[in-house]
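Biologist: I have the sequence and the coordinates open. Walk me through what can be read from them.

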Amino acid sequence: MQVEITREYIEQVEEAIARDDKGFILETMSEMYPADITTVLYELDTNESKYVLDLLPPEIGSQILGDLDYDIRTDFLAYFTSEEIARYLNLMDSDDAVDILNEMNVQRREEVIALIDNEEKADDILDLLRYEEDCAGGLMAKELIKVNINWRVRQCIEEIRRQAEDVERIYTVYVVDNRDVLLGRLSIKALLLSKDDKLVKDIYSEDVISIESFRDENEVVSVMQKYDLEAIPVVNIQGKLLGRITIDDVIDVMQEQAELSRQLMTGISENVEEDDSVFRISRSRIPWLVIGMVGGLLAAHFMGFFEADIAMLPALALFVPLITATGGNVGIQSSSIIIQTLSSNAVIFENFAQRLFKLIMVALLNALIISALVFTFTYLFRQDLKLSMVVSVALFSVVMLASLMGTLTPMLLDKLGVNPAVAAGPFITTANDLLGLAIYFGIAHMLYEL
């Protein structure tokens, strides 16, 4: 029976651990998915989590270890012996095993590798450890199904059965030559429908998309998204088949990218988690907060130049929040669309004039609608034609300028090799505040001078 994970169940597990009731834990978790067990472990302390993991079958334990968050897993594995870790790594895909080993110091890593009793697995892990984590080679797993182009169908099926013992999911059968150079792929359908003595070279397809091991992980994501792939083979410069990257690894990269972009756009300068230390969280937030504070001080100082205008017409000050908030919102909207386009590696600099014209038309329509609404509202409630004109004209100008800045700034930063996500948060907001105030009070000064 499937157990619902509630606070009550967590407490029951804690009580079962305290009284060494192994039966309750095994009985209730036997029908759970590894991901659900991982959720339970997050609610337990480290000793309790290890107690539970030691009771579970090693196959389940290896999946759970592979799914744990980096920070939690690092602390968790400190309670394991090198022999215990090696036993779990034996049951993992090579890429997941390497991810765990990279979280250890060199001495512990070498101890664990030496204790892996599967020589082929150990060789695969050592081969993957030489790649950087953020490239295709660092993402790939060595486990895959491949057949030789000169084999017959009968031999292929026997080899696939043998290789499939180490491969959790079979997406594609890859075809190689005698030097392991990737030539194409063989569909399971073609294999099953062909006669036993048929040669692979007569039934395989040369239509295969691959990626070199040195390519950046962002390129991997882009290629797999573009061609809607569930797995992609990884080759070296000579085209030799090295491994494959599966969709689950790409999803992890996409989640990391989305989280990093979200943090950068909100002014967090480094990747942090909720359970990080107070100092680390504060350090990640303070740089852009300081920039925002400086921008606010500059805005306050800037308003001092128009102190006489405000003294003459105090109602001008009432609309300052409207000007700054609208400019910031418009800038964030425009930059978010551009950043999304840039992150997908779309070529936005082609037909740039056409794109810019479309941007101006959208900004113009938005500016007309917003300024007209503000003019109507201000005139109805203030009965001041000049003030209504000042606010609406200023708002129109701010929307146009913020749209332009929100679009061009990320594109310029991308051209300069800077992550454009940093421009979508406090930077654009602060810049728009200053420019918006300059436009607002400049227009007010001109109109009231006339």
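Biologist: Which residues does UniProt mark with the feature "transmembrane region"?
Modeller: First, a caution: this is a predicted model. The feature comes from the UniProt record, from an unreviewed entry. The record places it at residues 286–306, 318–339, 359–381, 393–413 and 425–448.

Biologist: Take residues 359–381. How far apart are the end C-alpha atoms?
Modeller: UniProt lists 359–381 as one of its transmembrane regions. In the model, that stretch is 100% helix and 0% strand. Its end C-alpha atoms are separated by 33 Å.

Biologist: And over residues 393–413, how far apart are the end C-alpha atoms?
Modeller: This stretch also carries the UniProt feature. The chain there is 100% helix, with 0% strand. From end to end, the C-alpha atoms are 30 Å apart.

Biologist: Is L313 buried or exposed?
Modeller: L313 sits in the loop between α17 (307–312) and α18 (315–318). Its C-alpha atom is 9.8 Å from that of A444, a residue 131 positions away along the chain. The cut-off for burial is under 20% relative accessible area. L313 has 16%, so it counts as buried.

Biologist: How many salt bridges does the whole structure hold?
Modeller: Side chains of opposite charge can pair when their charged atoms come close. The cut-off here is 4 Å between nitrogen and oxygen. A search of the whole structure gives 16.

Biologist: R7 forms a salt bridge with which residue?
Modeller: Look in helix α1 (residues 7–18), where both partners lie four residues apart, about one turn of the helix. The closest N and O atoms are 4.0 Å apart. R7 is partly exposed, at 45% relative accessible area. The partner, partly exposed at 39%, is E11.

Biologist: Which residues share one salt-bridge network with R7?
Modeller: The R7 pair does not stand alone; salt bridges with shared partners extend it. Joined with R7 in one network are E11, E14 and E43.

Biologist: Which residue pairs with E84 in a salt bridge?
Modeller: The closest N and O atoms of the pair are 3.2 Å apart. E84 is buried, with a relative accessible area of 16%. The partner is buried too, at 13%. E84's partner is K50.

Biologist: Which helices does that pair link?
Modeller: E84 and K50 are 34 residues apart, so the pair links distant parts of the chain. E84 is in one helix and K50 in another. The helices are α7 for E84 and α4 for K50.

Biologist: R179 and D177 meet in a salt bridge. Which of them is exposed?
Modeller: Their N to O distance is 3.8 Å. D177 has 17% relative accessibility and therefore counts as buried. At 60%, the exposed one is R179.

Biologist: D95 is buried yet has no salt bridge. How far away is the nearest side chain of opposite charge?
Modeller: D95 lies in helix α8 (residues 94–101). Beyond its close sequence neighbours, D95 is in contact with L128, L139, M140, A141 and D249. The nearest side chain of opposite charge belongs to K121. That distance is 7.8 Å.

Biologist: Why do the buried residues of α6 lie on the same side?
Modeller: In helix α6 (residues 70–77), the buried residues are R73, F76 and L77. They share a side because they cover an arc around the axis of only 90°.

Biologist: Which helices do the buried residues of α6 pack against?
Modeller: The buried set, R73, F76 and L77, makes the contacts. One of the partners is α8, the helix that holds D95. The full list is α4 (46–55), α5 (58–67), α7 (82–89), α8 and α9 (106–114).

Biologist: Which residue of β2 stands opposite I145?
Modeller: Strand β1 (residues 145–148) pairs with β2 in the parallel sense, over four bridges. In β2 (residues 173–176), V173 and V175 point one way, while Y174 and V176 point the other way. All of these are buried. Opposite I145 stands V173.

Biologist: Which strands stand at the edges of the open sheet of three strands?
Modeller: The order is β4-β5-β6, with mixed pairing. Each edge strand has a single partner, so one side of each lacks a neighbour in the sheet. The edges are β4 (211–212) and β6 (241–246).

Biologist: What is the bridge partner of A231 in β6?
Modeller: Strand β5 (residues 231–235) runs antiparallel to β6. Five bridges join the two strands. In β6, A231 is partnered by T246.

Note on methods
Residues numbered from 1 in each chain as written. Predicted model: local features only at pLDDT ≥ 70, side-chain atom pairs only at ≥ 80, totals over all residues. Heavy atoms only, no water. Buried < 20%, exposed > 50% of the residue type's maximum accessible area, 1.4 Å probe, protein only. Lys, Arg positive; Asp, Glu negative; His and termini not counted. Contact = heavy atoms within 4.5 Å. Arc of directions from axis to C-beta. Pairing = 2+ DSSP bridges. UniProt positions renumbered as here; feature names shortened; annotations may be inferred. Lists of a residue's contacts leave out its neighbours within four places in sequence.
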